[in-house]
Amino acid sequence: MIVRNGSASGAFRRSSAALVGPLREFLESLEPLMLSLFVVATVAVVVGGWWVVSWFRRPPGVRFQRLLGEYDHVAVVMHPNPDPDAMSCAMGVARIAETVDTEATLQYAGEIRHQENRAFRTVLDLDLEAIEASSQLAADAVVLVDHNTPRGFAGSQTVEPIAVVDHHPGNGAGTEFTDVRTEYGAASTIVVEYLDELGASMNGGDGLEISPELATGLLYGIQSDTKHLTNGCSRAEFDACAALFDAIDEDLLDRVANPQVSDDVLQVKATAITEKRVEGPFAVCDVGEISNVDAIPQAADELMQLEGVTAVVVYGEYDGTIHLSGRSRDDRVHMGETLRHAISDIPMANAGGHARMGGGQVSVDHMDGISPSDGISRNEFEERLFSAMSGER
């Protein structure tokens, strides 16, 4: 055994010598200038490789902060008709931008109508700007939160965001930074992790300070997107809520969580309950013309409380568009895919979402048969929905 080791060691020395010799001859053959350039190039490659490895080993929150620091001003764009998760994400991004002296303007398309969303904005005193076209974006550098493809405003298809922070499935990406975690229940959870990676203080200590408004917003953003930590959660949601707990303002949280409900929302809920069509474990309801689009998902939530019902779709018409909202607690029904299949051959329609929750929009004109579509009746559309939920379409 000793002899074999010695033989191996000798062989290694002879092999090393065989390599070192030609390398020495090569270096000695170089002119001084060429030798200097060779040394500089070698050092550059080593340093460059070390920098690349170090960059990608940095936590996402640190990389995101450094990216924001490269810009004087960013537009933080939420999805159309933003909910608490989107708004709290935008709040968190603005706080991170502030640490690197970058101005952040929070913007959205659509409206904020749902009483919960209005209360969130009012109670936390958020400065949000509504936009209708890409020309109204506050900055060329755009950060998308809680969605990964720009939409909802004229020219959105021309916008190339520098960064995307999201938890929804999709193919959208930022040109410089993309963090899409579909296994998470809320995008706010990602932002909480960023703040933690940046050394944020949740209890009044040293470091990046988190205000009670921001902590309360992030906590409620997580709760609202996970139905109070009962639906679509990962462990990260519970960890994030625990981290935020010491910094929240209980009075603000109570005011956001218990807003008054408008009469039109109650009317839509009542229609969904009394006019629903049930086939087996599935329910569908056309609530007719509505004045508040956010009443649709609330009515869907209400129908999901019915005993024996495992998946529902509620739809209604507002300003020439049919809005759909679906819910599922049935492992056989992926609601996002269900809605996508149901509207697949209707021009200009779009739909999608998660397994438990989905939504979509269909033009009334295209459903009624404007060229090139032949059109379908409401009854035929409901048959499609039932077929899609049962896996037949």
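Me: How many of the 16 residues of helix 4 are buried?

Reply: This is a predicted model, in which local features need pLDDT of at least 70 and side-chain atom pairs count only at pLDDT 80 or more, while totals for chains, interfaces and linings use all residues. Residues are numbered from 1 along each chain as its sequence is written, and side-chain values use heavy atoms, with hydrogens and water left out. Helix 4 is mostly covered (buried means under 20% relative accessible area, exposed over 50%, partly exposed in between, with a 1.4 Å probe and protein chains only). Among its buried residues are Pro84, Met87, Met91, Val93 and Ile96, and the count of buried residues in helix 4 is 12 of 16.

Me: What span does helix 4 reach from its first C-alpha to its last, and which residue just after the helix takes a positive phi?

Reply: Helices (DSSP runs of H or I, at least four residues) and strands (E, at least two) are numbered from the N terminus, and the expected span of a helix is 1.5 Å times one less than its number of residues. With its 16 residues, helix 4 is expected to span 22 Å, and the model comes close to this at 23 Å. Just after helix 4, a positive phi of about 60° is taken by Asp101.

Me: Which helix gives the most residues to the largest nonpolar core?

Reply: A nonpolar core is a set of buried Ala, Val, Leu, Ile, Met, Phe, Trp, Tyr and Cys residues joined through side-chain atoms within 4.5 Å. The largest one has 57 residues, and those with the most contacts inside it are Phe64, Met78, Val143 and Leu195. To this core 8 residues come from its main contributor, helix 4.

Me: Which residues does Val143 touch, leaving out residues up to four places away in sequence?

Reply: Contact means heavy atoms within 4.5 Å, and Val143 is one of the residues with the most contacts inside the largest nonpolar core. With residues up to four places away in sequence left out, Val143 touches Phe64, Leu68, Val74, Ala75, Val76, Val77, Val93, Ile162 and Ala163.

Me: Why does Val62 count as buried?

Reply: Val62 has its place in helix 3, residues 60-68, and touches Glu197 and Leu198 when residues up to four places away in sequence are not counted. Its C-alpha atom is separated by 9.7 Å from that of Ile96, which is 34 residues away along the chain. Val62 counts as buried because its relative accessibility is 15%.

Me: Which helices and strands do the buried residues of helix 14 pack against?

Reply: Helix 14, residues 378-389, has 12 residues and reaches 17 Å, close to the 16 Å expected, and Gly391, whose phi is positive, near 85°, follows the helix. Phe381, one of the buried residues of helix 14, also belongs to another core of 23 residues, which lies apart from the largest one and includes Leu339, Ile346 and Met367. The buried residues of helix 14 pack against strand 9, strand 10, strand 11, strand 12, helix 12 and helix 13.

Me: What percentage of the contacts with a separation of 6 or more joins residues 24 or more positions apart?

Reply: The secondary structure of the protein comes to 14 helices and 14 strands, and 45% of its 393 residues count as buried. Among contacts with a separation of 6 or more, the percentage between residues 24 or more positions apart is 61%.
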